[in-house]
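Biologist: Could you take me through a single part of this model in close detail? I would love one connected walk around a hairpin and its neighbours.

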Amino acid sequence: MKNIYLNIYKNSPKNLNKAKKFLKKNNIIGVPTETVYGLAGNAYSSRAIKKIYKLKKRPKKNPLIIHYDNLKKLKKDAHIDNRFLKLYKKFSPGPLTFILKKKRDSKICPSANANLKMIAVRFPKHKIIKNLLKKLNFPLAIPSANISTKISPISALDVIDEFGKNINFVLDGGRSKIGLESTVINLCGNIKIMRPGAISKKEIGKTLGKNILISKKVNKLNSPGLLKKHYSPGIPIRLNCKKADNKAAFIVFGKKYKKGKYIFNLSPKGNLKEAGKNLYKILRKVKNLNFKKINVVKIPNRDIGIAINDRLRKAAY
Ligand code: TXA
Ligand code: MG
């Protein structure tokens, strides 16, 4: 039997070249980013895009985020404006995804963006994915490396946990620093946050000098991040609990909670960033320990806490 751990590759020039070879042949690989791990494929190749949707069991109408390492490359595929440039200068590379108007002569495969007139684009900050993108003459479509509706992966092992032998090359970049997917902002027409993330609406609002709204509607534009069910460990979750039910895994936040077999603390210090980094780790752990239900305490709804609550609500749906 093949040892699946052999499919995890350390960061080295040799392995980056190996990754490049896989991608040039339109194969899909697992890659680290600072938000979560992703499944990367050549965004110009319909064969690669088809493989991503199949692996993830992702509905075809859910578009993918296209990842770049520089502005010059992006300009071949998308129209940009001043609002974009302000945000780009402040937050890129980093955990912010922009929805922009796609250029008519862009080579991005239409199925990568669900045949929409818009594409979502991001400049990731993690060194390994940045170096890989630099080596390529095509951008990468990189959705989170989880089966559709399941928990996003934050380590190379999590990617193997999701896909087993169906993925035979994962670059190991250590644990994802942020641990939650990027903030998605729609810059076509009225600016709106489609998916909250590490970069808050407050920071975006400050940069643009205006108040920014978080979209509440689920429509064909804002798809999977806004699907009602997502990030799910596949067991019932109850939110805003003061006490835990019998035998439930109790996910807590802050110093007033004791340690215990059933207690999982997102951040004993009460730090929201740390809680964001630990959320998917703890959800995956609880799932793998075969708990039958999860109770979660109330998490402060500010800064990255807004993103944590967004993911918890969808996991609980
Ligand atoms: O942090 C992240 O963004 C990670 C890492 C791997 O980069 N990627 C990620 O991709 O979260 P994914 O596929 O799991 O989520 C993509 C989100 C969805 O909410 C999708 O609806 C939105 O981006 N999106 C992508 N293209 C879009 C488009 N053309 N129009 C509107 N929304 C779009
Ligand atoms: Mg995802």
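Modeller: Happily! In the hairpin of β9 and β10, five residues lie between the strands, and glycine 189 there takes a positive phi near 75°. Please keep in mind that this is a predicted model, where local features need pLDDT of at least 70, side-chain atom pairs count only at pLDDT 80 or more, and totals for chains, interfaces and linings use all residues. Residues are numbered from 1 along each chain as its sequence is written, chains are lettered from A and ligands numbered from 1 in the order in which they are written, and side-chain values use heavy atoms, leaving out hydrogens and water.

The strands here are DSSP runs of E, at least two residues long, numbered from the N terminus. β9 (residues 183-186) pairs with β10 (residues 192-195) in the antiparallel sense over three bridges, pairing being called if DSSP finds at least two bridges between two strands. Within that pair, valine 184 has arginine 195 in β10 as its bridge partner. β9 also pairs with β5 (residues 96-101), in the parallel sense over four bridges, and there isoleucine 99 is partnered by asparagine 186 of β9.

Now for the side chains. In a regular strand they alternate between the two faces of the sheet. In β9, Thr183 and Ile185 point one way and Val184 and Asn186 the other, and all are buried, meaning under 20% relative accessible area with a 1.4 Å probe and protein chains only. Stepping back, 55% of the 317 residues of the chain count as buried, and the chain has nine helices and 15 strands.

Conventions. Buried means under 20% relative accessible area, exposed over 50%, partly exposed in between (1.4 Å probe, protein chains only).
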